[in-house]
Amino acid sequence: MDSKHAPLPSFEAHAARLAGTHLRTLVNDDARAQRLRRRVGPILLDITRQKLDVPALDAVGQYIEGTGWQAARDAMFEGKHINTSEDRAVLHTALRGGASRHPAAPAEVRKEVADALDKMEQLVSAVHRGEGASVGLIDGVTDVVNIGIGGSDLGPRLAVHALEQFHVKGIRSHFLTNVDGQAATDLMKQLDPAHTLVILVSKSFNTQETLLNGGVFRQWILKANDGDETRTSKHFIAVSSNVEAVNTWGASQVLPMWDYVGGRFSLWSAVGASIAFSIGMQGFRELLAGAAEADDHFRDAAWQDNVPVLLAIAELWNRNVLGRSSRAVVPYVDSLADLPSYLQQLEMESLGKHVHPDDGSEVAQSTVPVVWGSIGTNAQHAYFQALHQGTDTVPLEFIGLVKPAHPLRENHDVLLSNLLAQAAALSLGKTFDEALAEAKTGTDDERRALAAQRTFKGDRPSTVFMLDSLTPHSLGALIALYEHKVFMLGHLWGINAFDQWGVELGKVIAKQIYPSLANDKSAGDLGQFDGATRGLIEAIRERR
Ligand code: F6P
């Protein structure tokens, strides 16, 4: 299909100039550093180790200024139907709009969001007082299980684990996501059904894994309640936008979701109920306030100061100018261990697209890189060798805390010095001559061979996020900054960041295959499948 979309500029002259400028030189330019460090409340963004100089930064910034990004951004905040393939507004920002300096969502949206928060507050407070029965739930809840997948799991899981030090005493939180029956079995072994509250989270209420796991937990609790359906329903809260389906499921309480909130942007809604159960409603509102601070920043700051825009510039430069195909996210914060998988969905489900939505034409440039990563320093002892000396350059994102929640200062200083050292080593490297000077023994050839192996080319880019501390506020702000980076890249690449048609095909095929595994009358003819699938089904059947 012909495209009316202009391709991204190549920024060729800037790229050529920078190809000959090592990060070792760039990082010592103080004027440049002034442009590449920005703060939003408790979060410092440092992109001084990206391979950009000021002229290149300005060239990309000026290009972005000409794309109408502010109007596109405002259209999102105001609730215009920018998710065109589903004809939906994109209003996750309205979920935290109550804490914004200038909420922009339509009044009816603001009202239903505020009402849902109030209802959530009633449930959470009653359970925390040990009086769940006063709101139709069980008394004496000790364990809250979130059953959901994708956006109905990853955001709540990230926040609950990240905010461990804010957890309300007496309530343990659990997440059941995969349909692997081992996960449900192992979790049930740890729990007492009499004191277990389940939050069944599914925006569509049509997700096979979630409904199956919900059914497993319902049977388990029903059995413990001697088949009493009414008593069993008091163990369940359902969160969904599918009003009809959810009302027939048998949960005592239902919290709403709306079609204007995408799953991967939904932790700010009742999808985040498990966060509120674990840190309390005040903590949840602080999380929203942190996100609102990032929203206000995104709406108010000029591109030069705008953290999501700068993040998008760094990504665009790495992906489209330098051709980097992945980005590693490495939090030097154990409690942010879930951040890489959260960002995988946020970024890859949003930006893993290859056509322009208005005319279906192919985009001219690469879109989302593979996002991956895990916590440091552990990652240093696993795959950092390849990041330092492998043949591919992988941009990194480091996340650190100035002040940890624990008192072990020495541990923290060792952790932080490793973060700083990795960013430095990746960018500066070590020259052959430096390595040769260190090789003291052996023949000349042997010394040279050893030096070659101990040379680090460096020039490997990274970003550092430094949070003052990990609180509901700073976590909310950090996640919202990433969300807005995603918005910016969707805008710049000309793709719809808010649908996810790419996950549908596999779901349909799984439903076709499922009866065949049973090898009974319900199974259709295996001839309906391709040869590779048929072969594997036969192999599984034979060994059952
Ligand atoms: O399969 C992808 C997806 O639709 C995600 O976008 C979503 O977060 C997840 O499944 C779960 O969907 P639901 O909340 O409707 O169960």
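**Exercise 1. Which strand pairs with E8 over four bridges, and in which sense?**

Solution. E8 pairs with strand E10, residues 396–401, over four bridges, and the sense is parallel. To place this pairing in the predicted model, take one residue pair: Pro331 has Ile399 in E10 as its bridge partner.

**Exercise 2. Find what joins E8 to strand E9, and trace the chain from E8 to E9.**

Solution. Step one: E9 covers residues 370–372, and three bridges join E8 to E9. These two strands run parallel. Step two: pick a bridge, such as the one in which Ser326 has Val370 of E9 as its partner. Step three: follow the chain, which leaves E8, passes through helix H14 (residues 339–351) and arrives at E9. This β-α-β crossover is right-handed.

**Exercise 3. How many of the six residues of E8 are buried?**

Solution. E8 spans residues 326–331. A residue counts as buried when 20 or more other C-beta atoms lie within 10 Å of its own. Five of the six residues of E8 are buried, and the strand is mostly covered. For the chain as a whole, buried residues account for 45% of the 544 residues.

**Exercise 4. Describe the overall build of the chain.**

Solution. Start with the elements: the chain has 21 helices and 11 strands. Its radius of gyration is 25 Å, close to the 24 Å that the globule rule gives for 544 residues, so the chain is as compact as a globular protein of that length. Next, the extent: along the principal axes, the C-alpha atoms fill a box of roughly 80 × 60 × 60 Å. Last, the contacts: of those between residues at least 6 apart in sequence, 75% join residues at least 24 apart.

How values were computed: Residues numbered from 1 in each chain as written. Predicted model: local features only at pLDDT ≥ 70, side-chain atom pairs only at ≥ 80, totals over all residues. Buried ≥ 20, exposed ≤ 12 C-beta atoms within 10 Å, placed from the backbone. Pairing = 2+ DSSP bridges. Right-handed = clockwise from strand over helix to strand, strands pointing away. Rg over C-alpha atoms; globule rule 2.2 N^0.38 Å. Contact = placed C-beta atoms within 7 Å.
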